[in-house]
Amino acid sequence: MAENRVSYLNKTFSDFKSNLVNYAKTYFPNTYNDFSEANPGALFIDLASYVGDVTSFYTDTQIQETFLLYAKEKENLYALSYMFGYRPKVSYASNVVLDIYQLIPTSGSSGNLVPDPAYYTIIPENTVCTSNSNGTKFLTIEKVDFTFTGSTEVTFVDNDYFLLRKQVKAISAEIKTTSINFGSTPQKFSIGTIKDTNILQVLQVTSPIDDTGVNNWYEVPYLAQDTLLTTKTNPNYQSDGVPYLVNYQRVPRRFVTRFLSDDTLQLEFGAGVTNATDGTLLPNPDNIQLGLVPGISNLSNNFNKATPFFTQEYGLAPSSTLIIKYLVGGGVISNVSSNDITIINTATATFPNGGGGQAATIISSIACSNPNPASGGRNGDQVEELRNNALYAYQSQLRAVTREDYIVRALSLPTDYGSIAKAYVTQDVASEMLPTPTVATTEERNPLSLDMYILAYNNNKQLITASTTLKQNLAAYINQFRMVTDAINIKDAFYINIGINFDVVIQSGYNNNEVITNCIIALKDFFNIDRWTINQPIVLSDVNSVLLKTIGVQSVTKIEIINKQDNTGTTYSQYAYDILGATRQGNIYPSIDPSVFEVRYPDTDIQGRVVPFTI
């Protein structure tokens with residue numbers, strides 16, 4: 001066996017040069033022995049060391065770029081993120097709640113004036129509102145339906161008009177349209193690109209209507225997913241407040257999107273080049289090469305869904321021209337200040353009840369404003385964000401694993417399917433109490449069964465029991481992320497309506513009415529329903545601290561929490577609650593059944609008094 005004369009541990013220029021010099025001294029002592037810098041041989045040693053150093057560097061860099069934790073190149077981070085299940089973002093849109101106003105003529109006799117229903121307007125979603133300061137465009141994400149009066153604030157102006165106000169969420173975005181021609185012949189896994197800046201997402205992809213009357217293409221997380229959660233109009237929207245029903249639809253026309261390192265958006269389509277259904281093609285053994293050659297095993301291909309390329313397994317390949325609508329926007333510039341979004345496009349506003357001679361005046365009266373600043377807009381994911389988001393996506397794989405995962409999924413139910421106000425998940429106690437199944441027992445105990453307790457909001461953002469439609473939508477939505485071994489029971493939580501009475505001593509020199517008003521405002525903020533979760537106790541010392549922090553309050557002499565209950569359930573909750581019996585060591589605990597405390601009418605349910613100082 002030949003002696004190993006080469007060292008494979010060299011990394012740097014100095015390592016390579018030192019090793020080459022030692023190698024020459026050891027194996028060529030008589031042939032080459034002048035190692036001075038002036039000797040031409042030193043040049044060749046330096047050149048060889050240089051090449052070794054550069055090669056070593058690029059080898060290490062290439063290895064480093066294959067690991068998510070160490071990669072630095074944006075192109076590699078994007079590729080690794082998609083591999084791990086995370087979709088990078090090149091821009092984040094800011095969010096804002098807009099106040100939408102319209103005038104409406106009065107109707108009726110003097111002293112009994114009401115809004116004229118003929119002039120209620122509907123302003124559709126995707127209405128454009130524009131910032132005054134920098135021209136940033138915002139799109140409403142819901143329609144503003146003034147005919148649905150439950151959440152409308154009505155203000156009397158004069159004998160001729162009322163002023164209506166509704167709130168709607170909006171994002172900083174603009175709709176753009178482009179087209180991509182894929183030719184007359186479908187090509188497997190066709191790819192099209194959209195070159196633009198700050199692309200947020202694809203809204204719609206359509207093609208010329210074919211013989212089946214279908215022309216929509218649908219975005220999916222991966223091409224092998226052949227069903228998609230879509231919407232169907234809910235006929236009972238006015239009664240249960242849920243705009244759409246969950247509908248699972250098979251989508252042979254589908255595509256996936258990926259951002260490239262230059263922020264170009266790439267659309268990839270499927271491999272199917274036939275209109276025949278998978279049900280017609282897949283059962284045929286010739287399509288998946290079963291039994292064609294006796295004695296040769298082909299099991300690895302049998303389970304590869306990519307084998308029958310000419311089926312719709314990965315979706316159809318497009319032909320002709322596709323029309324693509326997409327959103328652009330976001331960035332730091334979209335975080336505009338309050339009262340800056342005051343320009344609204346009213347061209348699409350309609351009068352569902354007919355309108356009348358004052359229609360033009362009413363349309364011109366429609367206005368918008370943002371009482372709070374728009375926030376959340378920023379540039380795309382940075383290197384460390386890509387790393388951490390991809391690692392999280394890989395660990396979760398979009399599955400709900402923990403109780404907190406299920407709560408987040410419930411609260412993130414798209415608003416088209418309804419809105420979950422509160423959610424709480426716990427182990428299914430009833431299932432746990434079942435006896436161990438025997439031969440004679442058919443009911444089995446599922447140790448992974450969970451109970452999800454939910455509540456919803458009405459149009460005034462007050463807690464109500466979720467409608468059956470909302471529960472059905474939530475069940476279908478959660479099922480996408482549920483672990484195969486988990487069972488989720490969706491149940492109603494309870495809400496306990498309370499009132500607060502308090503007595504305070506006011507410091508000398510302060511106005512009593514002003515201090516009491518500030519105390520009530522502070523308590524309204526403390527008991528804001530957004531701050532309260534299911535099974536959260538009321539800590540009386542925290543309530544006392546809120547009052548003491550109010551300027552002008554010297555001391556708090558009484559804090560009384562009372563139960564507000566209505567047997568009919570039309571005003572307050574129909575469930576009574578023993579507040580005194582639930583109080584332990586200065587804490588008021590909710591019931592054993594999951595429940596949440598709510599101050600339903602803060603303007604009237606919070607009452608305060610000023611009492612004199614006594615010794």
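Buried here means under 20% relative accessible area. By that yardstick, 38% of the 615 residues in this chain are buried. The model is a predicted one, and the close-ups below pick out a few spots in it.

**Figure 1. The whole chain, before zooming in, has 14 helices and 32 strands.** About 33,900 Å² of the chain is exposed, and carbon and sulfur atoms supply 53% of that area. As for the contacts with a separation of 6 or more, 72% of them come from residues 24 or more positions apart.

**Figure 2. A nonpolar patch sits on the surface, with helix 2 giving the most to it.** Which residues form the patch? They are F13, Y50, V51, V54, F57 and Y58. Taken together, these side chains belong to residues with about 600 Å² of accessible area. Helix 2 spans residues 40-64 and puts five residues into the patch. Y58 is one of the residues found in that helix.

**Figure 3. Here are two cysteines, C129 and C368, with sulfurs 4.0 Å apart.** A disulfide is a covalent bond between the sulfur atoms of two cysteines. To be counted as one here, the two sulfur atoms have to be within 2.5 Å. The chain's count by this rule is zero. C129 is therefore in no disulfide, since the nearest cysteine sulfur, that of C368, is 4.0 Å away and the cut-off is 2.5 Å. Is C129 buried or exposed? C129 counts as buried, because its relative accessibility is 0%. Elsewhere in the sequence, C519 is buried too, with a relative accessible area of 0%.

**Figure 4. Three strands make an open sheet in the order 27-30-29.** The pairing is antiparallel. Strand 27 (538-539) and strand 29 (583-584) are the edge strands, each pairing on one side only. How many bridges join strand 27 to strand 30? Two bridges do the job, linking strand 27 to residues 587-588 of strand 30, and these two strands run antiparallel. For a landmark in the view, look for I538, which stands opposite I588 in strand 30.

**Figure 5. A347 is a loop residue with its C-alpha 8.9 Å from that of T127.** The loop in question runs between strand 19 (341-344) and helix 7 (359-365). Along the chain, A347 and T127 are 220 residues apart, yet their C-alpha atoms are separated by 8.9 Å. A347 counts as exposed because its relative accessible area is 67%, and exposed takes over 50%.

**Figure 6. F189 and S320 both have a positive phi.** Most residues other than glycine have a negative phi. Phi of F189 is near 50 degrees, although this residue is not a glycine. S320, another residue other than glycine, has a phi near 65 degrees. Where is F189 found? F189 is in the loop between strand 10 (174-181) and strand 11 (191-194). The loop that holds S320 lies between helix 6 (299-302) and strand 18 (321-328). F189 counts as partly exposed, at 29% relative accessibility. S320 is also partly exposed, with a relative accessible area of 27%. Why partly exposed for each? Both values fall between the under 20% that makes a residue buried and the over 50% that makes it exposed.

Note on methods. Residues numbered from 1 in each chain as written. Predicted model: local features only at pLDDT ≥ 70, side-chain atom pairs only at ≥ 80, totals over all residues. Heavy atoms only, no water. Patch = residues over 30% accessible without salt bridge, like charges linked within 9 Å, V, L, I, M, F, W, Y side chains within 5 Å. Areas by Shrake-Rupley, 256 points an atom, 1.4 Å probe, with all protein chains shown as cover. Salt bridge = Lys/Arg side-chain N within 4 Å of Asp/Glu carboxyl O. Helix = DSSP H or I, 4+ residues; strand = E, 2+ residues; numbered from the N terminus. Buried < 20%, exposed > 50% of the residue type's maximum accessible area, 1.4 Å probe, protein only. Contact = heavy atoms within 4.5 Å. Pairing = 2+ DSSP bridges.
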